[in-house]
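User: I am new to reading protein models, and I would like to go through the terms used for this one. Please tell me each time which value stands behind the word.

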Amino acid sequence: MTTLCPPPEKIKTKGGVKKKGKKPADYDVYRDPSYHEYVDKASQSSQRQSQPSQTSKKIKLSKKQPQFIVQFPNHIRSYIEDVVNVESDGNCGFRVIASLHGYGEDGWPMVRRELGLEIIDKDRSTLYDKLFSNRLSAVRESLMIESFGSQPPEKWMSLPDMGYLIANRYNVVLVCLGNPCITFFPMTSSHSPNVSIYCIGFVNQNHWVQVNMK
């Protein structure tokens, strides 16, 4: 039983139903879109509207982190523009350096690799032999990882060991805010007034963050 009635005359379906008007560009044939097509089109439109711009993403990342700023020395706080947090996975220190160097936070494996190359550089072998002495192998081992996941404490970035490598490898002045505060200068190049300054902060006794100064 049905309440539907047959059409008054047979409709010719060969080639589709011809109707006047312009053919919509979004569909292959002139017909009512299916439910899935409506959903797909709405979803695509929503994604375009909700996709954040690079500017808005940067503002979100650069939002001040008061819980971190209060951990820095009082006389420094007024000069801090903002603090950028990174993922806490045992690679946070290398994530911060990657971000400062222009690799992006996810470029941390490249930083590990480049610092590993720095410590075995033949031209600087004498320098690092004197700096690290019998700890040279241990410092190098701390840069080597077996997977890209979370890392144990012995693989975390530690100062002053990594400070020397970072300053020399990237020819930058590395400023660390924490307890204590430490600054590292390049040891293999002459001083330049245009040298870049990378500022990082050690917070919660176990985490590194990027600190942007005014």
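Analyst: This is a predicted model, and a good place to begin is with two aromatic residues, Tyr128 and Phe132, both of which are buried. They sit four residues apart in helix 7, so about one helical turn lies between them. In general, an α-helix has 3.6 residues a turn, so residues three or four places apart point the same way.

User: How many aromatic pairs are there, and what makes Trp108 and Phe148 an edge-to-face pair?

Analyst: The count comes to five aromatic pairs. For Trp108 and Phe148, the ring centres are 6.0 Å apart and the planes make an angle of 70°. Two rings pair if their centres lie within 6.5 Å, and planes over 60 degrees apart count as edge-to-face, so both values of this pair satisfy the rule and the name follows. Because Trp108 belongs to helix 6 and Phe148 to the loop between helix 8 and helix 9, the pair ties together parts that are 40 residues apart in sequence.

User: Why is Trp108 called buried or exposed, and why is Phe148?

Analyst: Buried means under 20% relative accessible area and exposed means over 50%. Trp108 has a relative accessible area of 4%, so Trp108 is buried, whereas Phe148, at 63% relative accessibility, counts as exposed.

User: What makes the pair of Tyr128 and Phe132 stacked?

Analyst: Their centres lie 5.9 Å apart and their planes differ by 10°; since planes under 30 degrees apart count as stacked, the pair takes that name. Tyr128 and Phe132 also belong to one aromatic cluster together with Tyr164 and Phe184.

User: How do you know that the span of helix 6 is close to what is expected?

Analyst: Helix 6, residues 108-119, has 12 residues and reaches 17 Å from its first C-alpha to its last, while 16 Å is expected at 1.5 Å a residue. The buried residues of helix 6 include Trp108, Val111, Arg112 and Leu115, and its buried residues pack against helix 5 (92-100), helix 7 (125-132), helix 8 (136-143) and helix 9 (161-170).

User: What makes helix 9 and helix 5 mostly covered?

Analyst: In helix 9, eight of the 10 residues are buried, among them Asp161, Met162, Leu165 and Tyr170. These buried residues of helix 9 pack against helix 5, helix 6, helix 7, helix 8, strand 2 (173-177) and strand 3 (182-184). In helix 5, eight of the nine residues are buried, including Cys92, Phe94 and Leu100, and what covers them includes helix 6, helix 8, helix 9, strand 2, strand 4 (197-203) and strand 5 (207-213). Each helix is also followed by a residue with a positive phi: Asn171, near 55°, after helix 9, and Gly102, near 95°, after helix 5.

User: Why is Asn206 called partly exposed, and which residues is it in contact with?

Analyst: Asn206 has 41% relative accessibility, and because this value falls between the cut-offs of 20% and 50%, Asn206 counts as partly exposed. Asn206 lies in the loop between strand 4 and strand 5, and, leaving aside neighbours within four places in sequence, its contacts are Cys92 and Trp156. Although Asn206 and Cys92 are 114 residues apart along the chain, their C-alpha atoms are separated by 9.4 Å.

User: Why is Asp82 called buried or exposed?

Analyst: Its relative accessible area is 10%, and since this is under 20%, Asp82 is buried. Asp82 is found in strand 1, residues 80-84, and its C-alpha atom is 8.6 Å from that of Gln210, 128 residues away along the chain.

User: What is the volume of the second largest pocket, and what lines it?

Analyst: The second largest pocket has a volume of about 200 Å³. It is lined by 16 residues, of which Met157, Ser158, Leu159, Phe202 and Trp208 are the closest to its centre. By class, nine residues of the lining are nonpolar, seven are polar and none is charged.

How values were computed:
Residues numbered from 1 in each chain as written. Predicted model: local features only at pLDDT ≥ 70, side-chain atom pairs only at ≥ 80, totals over all residues. Heavy atoms only, no water. Helix = DSSP H or I, 4+ residues; strand = E, 2+ residues; numbered from the N terminus. Expected span 1.5 Å × (residues − 1). Buried < 20%, exposed > 50% of the residue type's maximum accessible area, 1.4 Å probe, protein only. Contact = heavy atoms within 4.5 Å. 1 Å grid on protein atoms, 1.4 Å probe; cavity = no way out; pocket = protein on both sides within 12 Å on 5 of 7 lines; lining within 4 Å. Points joined across faces, edges and corners; volume = space filled by probe spheres on them. Nonpolar A, V, L, I, M, F, W, Y, C, P; charged D, E, K, R; others polar.
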